[in-house]
Amino acid sequence: MKLNKLASYLTLAGVCSTSLISLPVLAQEGAKDATAQTKSANDALYGQLPFTDKTDFMNAHKGFIAPLPSELIKGKQGNVVWDPQHYAFIKEGEKAPDTVNPSLWRQSQLINIGGLFQVTDGVYQIRNLDLSNMTIMEGKEGITVIDPLVSAETAKVGMDLYYKNRGKRPVVAVIYTHSHVDHYGGVRGVIDEADVKSGKVKVYAPAGFMKEAVSENIMAGNAMSRRASYMYGNLLKPDAKGQVGAGLGTTTSAGTVTLIEPTNYITHTGQKEVIDGLTYDFMMAPGSEAPSEMLWYVEEKGMIEAAEDVTHTLHNTYSLRGAKIRDPLAWSKYINDVIGRWGGKGKHYYCSASLADLG
């Protein structure tokens, strides 16, 4: 299949729930207050879980540099791709409404902490500009962008925010940690395919990436996008009686889903690549959170990238939208392997999704 056709099919098929997000939000007729039973069950959680521990909030704010732009992000046709005010009703420090599980409310408060953040010297993240995080590594000649979000429009806004605060630097490489669309869909908002074809920019991905991207987002794309609307509740109105977030992030953007084929594949654990002056030690993790996934350690930074295998959320073993089943035993072994390979020397850890740990 030609790559330009693949990119077109990805957009037409609708990846994740992006094809449905731009539809009118459901009116939610009959939305009701919490019943006494629901309120009682929610209130009971406050005595069972350590809600007074604010460590996660401290970590989520750590390294903050600049807020996200407050303006609507729109597509070429004027469609709304991202509304940064959709979840403004969720205020940090406020008690959960009676209609919302307190743990879900707390998670939503945390994922609403967005902007440009510094993870460590030369490593930055854009958070809450899409379902996933985009990471930017400063190297010898320019920058390496890791997991460029769902949509080209949100990815471009994220890059502009970085440039505004860190100066214009050329993108010399892009890395996809795994084969889910929220980790590659915005790539054309970051780089031009002509620069990839000329060799100016390299694109790295784990073995099997294209096969899995095609099978999930084209072969099963329409069915999965419809199921994802039920899973994420993206057609519900964002409020305390509708949707308060997607768990991993607030929601998915509704822009242009794109793809540029990788130029360099990581095929085995222990493979090392020098990318823009930094040494990456890769570890394969197929069949974990995604069928094609990899983790790595950047030697010069003492930094572990755990993709979505180690996050502050609990993934489904089987995703309701119909993604391939995850293997919990293999996944647990990969985490043990990370600890064994890099645990003694890793100074920093970050992930490609919710609430990166900056410790």
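# Briefing: burial, cores and ring contacts in a predicted protein model

Asp276 has a relative accessibility of 13% and therefore counts as buried, since the cut-off for burial is under 20%. The structure described here is a predicted model. Its protein has 359 residues, and 53% of them are buried. The secondary structure consists of 10 helices and 15 strands. Among contacts between residues at least 6 apart in sequence, 72% join residues at least 24 apart.

**Two loop residues with positive phi**

- Asp276 is located in the loop between strand S11 (272-275) and S12.
- The phi angle of Asp276 is positive, at about 55°, although this residue is not a glycine.
- Asn128 also has a positive phi, of about 60°, and is likewise not a glycine.
- The loop that holds Asn128 runs between S5 and S6.
- Asn128 is buried because its relative accessibility is 12%, and burial is defined as under 20%.

**The nonpolar cores**

- The largest nonpolar core contains 38 residues, and the members that touch the most other members are Val145, Met159, Val171, Val174, Tyr176, Val190 and Ile191.
- At least two residues of this core come from each of the following strands: S3 (80-82), S5 (123-127), S6 (134-138), S7 (143-146), S8 (171-175) and S9 (202-206). Helix H6 (152-166) and helix H8 (209-219) also supply at least two residues each.
- Helix H6 makes the greatest contribution to this core, with five residues.
- Another core lies apart from the largest one; it has 18 residues, including Val123, Met284, Met294 and Met303.
- Val174 illustrates the contacts of a core member: beyond its neighbours within four places in sequence, Val174 is in contact with Val145, Pro148, Val187, Val190, Ile191, Lys202, Val203 and Tyr204.

**Helix H10, with one buried face**

- Helix H10 covers residues 328-342, which is 15 residues. The distance from its first C-alpha to its last is 21 Å, close to the 21 Å expected at 1.5 Å a residue.
- The buried residues in H10 are Ala330, Trp331, Tyr334, Val338 and Trp342.
- When H10 is viewed down its axis, the buried residues fall within an arc of 100°, and therefore they line one face of the helix.
- The face turned away from this buried side carries Leu329, Asn336, Ile339 and Gly340, which are exposed.
- Three strands pack against the buried residues of H10, namely S12 (278-284), S13 (294-298) and S14 (303-305).

**Helix H5, mostly covered**

- Helix H5 (residues 102-111) has 10 residues, of which seven are buried, so the helix is described as mostly covered.
- Those buried in H5 are Pro102, Trp105, Gln107, Ser108, Gln109, Leu110 and Ile111.
- Helix H3 (36-45) and helix H4 (55-61) are the elements against which the buried residues of H5 pack.
- Gln109 belongs to helix H5 and is buried because its relative accessible area is 7%, where burial requires under 20%.
- With residues up to four places away in sequence set aside, Gln109 touches Phe57, Ile90, Lys91, Glu92, Gly93 and Glu94.

**Aromatic rings and charges**

- The whole structure contains 13 aromatic pairs.
- One of these pairs is Tyr46 and Phe51, whose ring centres are 5.0 Å apart. The pair is tilted because the two planes stand at 45°, which falls between the limits of 30 degrees for stacked and 60 degrees for edge-to-face.
- The two partners differ in burial: Tyr46 is partly exposed, at 29% relative accessibility, whereas Phe51 is buried, with a relative accessible area of 15%.
- Tyr46 also meets a charge, as the charged end of Lys95 sits over the ring of Tyr46, 5.1 Å from its centre.
- A second arrangement of this kind involves Arg127, whose charged end sits over the ring of Phe117 at 4.3 Å from its centre.
- Tyr87, Phe89 and Trp105 together form one aromatic cluster. Trp105 is also among the buried residues of H5.

Methods: Residues are numbered from 1 along each chain as its sequence is written. This is a predicted model: local features need pLDDT of at least 70, side-chain atom pairs count only at pLDDT 80 or more; totals for chains, interfaces and linings use all residues. Side-chain values use heavy atoms; hydrogens and water are left out. A nonpolar core is a set of buried Ala, Val, Leu, Ile, Met, Phe, Trp, Tyr and Cys residues joined through side-chain atoms within 4.5 Å. Buried means under 20% relative accessible area, exposed over 50%, partly exposed in between (1.4 Å probe, protein chains only). Helices (H or I, at least four residues) and strands (E, at least two) are DSSP runs, numbered from the N terminus. Contact means heavy atoms within 4.5 Å. Rings of Phe, Tyr and Trp (its six-membered ring) pair if their centres lie within 6.5 Å; planes under 30 degrees apart count as stacked, over 60 as edge-to-face and the rest as tilted. A charge sits over a ring if NZ of Lys or CZ of Arg is within 6 Å of the ring centre and within 35 degrees of the ring normal. The expected span of a helix is 1.5 Å times one less than its number of residues. The arc is that of the directions from the helix axis to the C-beta atoms.
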